[in-house]
Amino acid sequence: MAKTRRHLLISACSLLLCILLLAGTTFAWFTDSVTNSGNTIQAGSLSINAFAYDLGEGGITCTVPGVNGDTAFTFEEDGQDLKSDSNPIITETLWEPGSSSAKLLQVTNTGTLATKIRLQFSVSGDLTDALWFDFVQVTSDGSVTGSFTKRPMNTLATFAEDLEIPLSADNGTVYFVLLYGMNQDAGNEYQNESFSADVSILAKQDTVEADGFGDHQYDTGATYPVASNKDLEEALEQATAGDTILLSAGTFALPEGCSIAEGVTVTGAGTDATKLTVPKTTSGATTHGLIIDQPGVTLSDMSILPASGITNSNYAGVVVIKEGGTVLDNVTITSSNSASPILITGSSFGEGDTFTLSNSTVTSKARSLYIVDGTNGKVVIDNCDITGMYTMNVNSSNSQALEIEVRSSALHGWTSYGTIKSATFTDTEFSQGESDYNFLRPYADTTWDGCTFGPGFKIGAGATELNYVFTDCKYDDGTATTAGNIKDRLLSTGDDVKVLNCIIVVDGVSAVLQ
């Protein structure tokens, strides 16, 4: 028994010694790991190219039974790129009964998503009833996969509506021959008459790719772009909140009295591709352009053109904003007279409302962005280039709740705003540019962060004791704006002495102005 107690005591001491030794030891455990990095989601692209080939030599040769006496057509090797060359593909002159011709059309899916295409035609002219046409599909080696049917040219638009062709992703291509001619029995009533047609090749996503759950129908709702004024008018009448109306490349005109419904987006194919002319809208003695009087409207990716007849006055607007949530993104607007390209007006645009102008170019010889007194809420300008006698102007006695926020933009001209709540400029360039003025006159507290001031640019003040705060700003030659040089280089200290009685802080240092 004594031996047992002695063994237990030795064991206890050993255990205590182990614990004491472990007190300074780091525990090690069996471990393992698997790292999976570089995960990405890449959006697919939907893009098509189209080419038209004249009759000639070196290209595809095909024979269409029942046409041209069963003699083969040969087309040129190099075609007209319809995406970059907008010249008409049909330019026939001096036609007579029995004349005919052909064009080879090629459409290629250059995107990474499967797509469907269809053609849309707008046909006009008194010669239409004397003409015929057909489309016959062929392959790249000239094999004909369809048959010829002579169709009246006045059915071209309705025929095309039912013609839908799938194209696989990554260079899926379709070829078809457009055959057209004048009826042999066309009478004298068609002498000197003409025919014209606008054609659009439209594409939308096909139900081929599957989502993560194996659903091939997730993109069933994809729609074709709008390609005519008639379709645009119908789309506007039917659109409801959340809808997007996609305009193809081309020229469009909004109908007079047009109203865009709440929450609707109208988007084009880019500022160089889609041109949208606003309507004439009369309000009292003034004729405006498009009046946006519903909240949440977006216009994007287009050039917005003024209608002929808009009143030659600053108080007329090419686009008039009356409701919050309005967004103009990637648009170009140029006024053809003294009308303001963008006019924000109305007590309905109040606190809590926001207007956003982004990625856009606005140009005028008067007020480019005119915010009428009584307008409140917030105006956000992001990544824009604005030129005008006034880049923006607010004559405010009733806009004390208005906030202006400008970032990553360039303002060329005279900028002025009244006694508003605040104005902030971030990463913004101020210069004369192509305008006649080179000045900024605030009537409200203002901050500048990371801004650049061009040659000869001056800042004045519309009131005394305003607070001006500059952070990390510079002049066009790269010299930093400092509390020591701001008075001589940037402030307007000639006849405008109010700025000398403002509180100006540059990078945390108060400028000495008196």
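**Exposure, strands and pairing in a predicted model**

Author: Asp449 belongs to strand E33 (residues 446-449). A strand (E) is a DSSP run of at least two residues, numbered from the N terminus. This is a predicted model, in which local features need pLDDT of at least 70 and side-chain atom pairs count only at pLDDT 80 or more, while totals for chains, interfaces and linings use all residues. Residues are numbered from 1 along each chain as its sequence is written, and side-chain values use heavy atoms, with hydrogens and water left out.

Reader: Why is Asp449 called partly exposed?

Author: Buried means under 20% relative accessible area, exposed means over 50%, and partly exposed lies in between (1.4 Å probe, protein chains only). Asp449 has a relative accessibility of 36%, and therefore counts as partly exposed.

Reader: Into which of these classes does Gly433 fall?

Author: Gly433 lies in the loop between strand E31 (429-431) and strand E32 (439-442). Its relative accessibility is 45%, so Gly433 counts as partly exposed. Gly433 and Gly454 are 21 residues apart in sequence and 8.8 Å apart in space, C-alpha to C-alpha.

Reader: What makes strand E5 (residues 100-109) largely enclosed?

Author: Nine of the ten residues of E5 are buried, so the rest of the structure largely encloses this strand.

Reader: How do you know that strand E1 (residues 48-53) and E5 pair?

Author: Two strands pair if DSSP finds at least two bridges between them. E1 and E5 have six bridges, in the antiparallel sense, so the requirement of at least two is met. Within this pairing, Val107 of E5 is the bridge partner of Ala50. E5 also pairs with strand E10 (residues 173-182), in the antiparallel sense over nine bridges. There, Leu104 stands opposite Val177 in E10.

Reader: What joins E1 to E4?

Author: Two bridges join these strands, which run antiparallel; the requirement of at least two is therefore met here too. Gln80 in E4 is the bridge partner of Ala52.

Reader: What is the order of the strands in the open sheet?

Author: The six strands have the order E4-E1-E5-E10-E7-E8, with antiparallel pairing. Strand E4 (80-81) and strand E8 (151-152) stand at the edges because each has a single partner strand, which leaves one side of each without a neighbour in the sheet.

Reader: What makes the phi of Asn359 worth mentioning?

Author: Most residues other than glycine have a negative phi. Asn359 is not a glycine, yet has a positive phi of about 55 degrees. Asn359 is found in the loop between strand E23 (354-358) and strand E24 (361-363).

Methods: Helix = DSSP H or I, 4+ residues; strand = E, 2+ residues; numbered from the N terminus.
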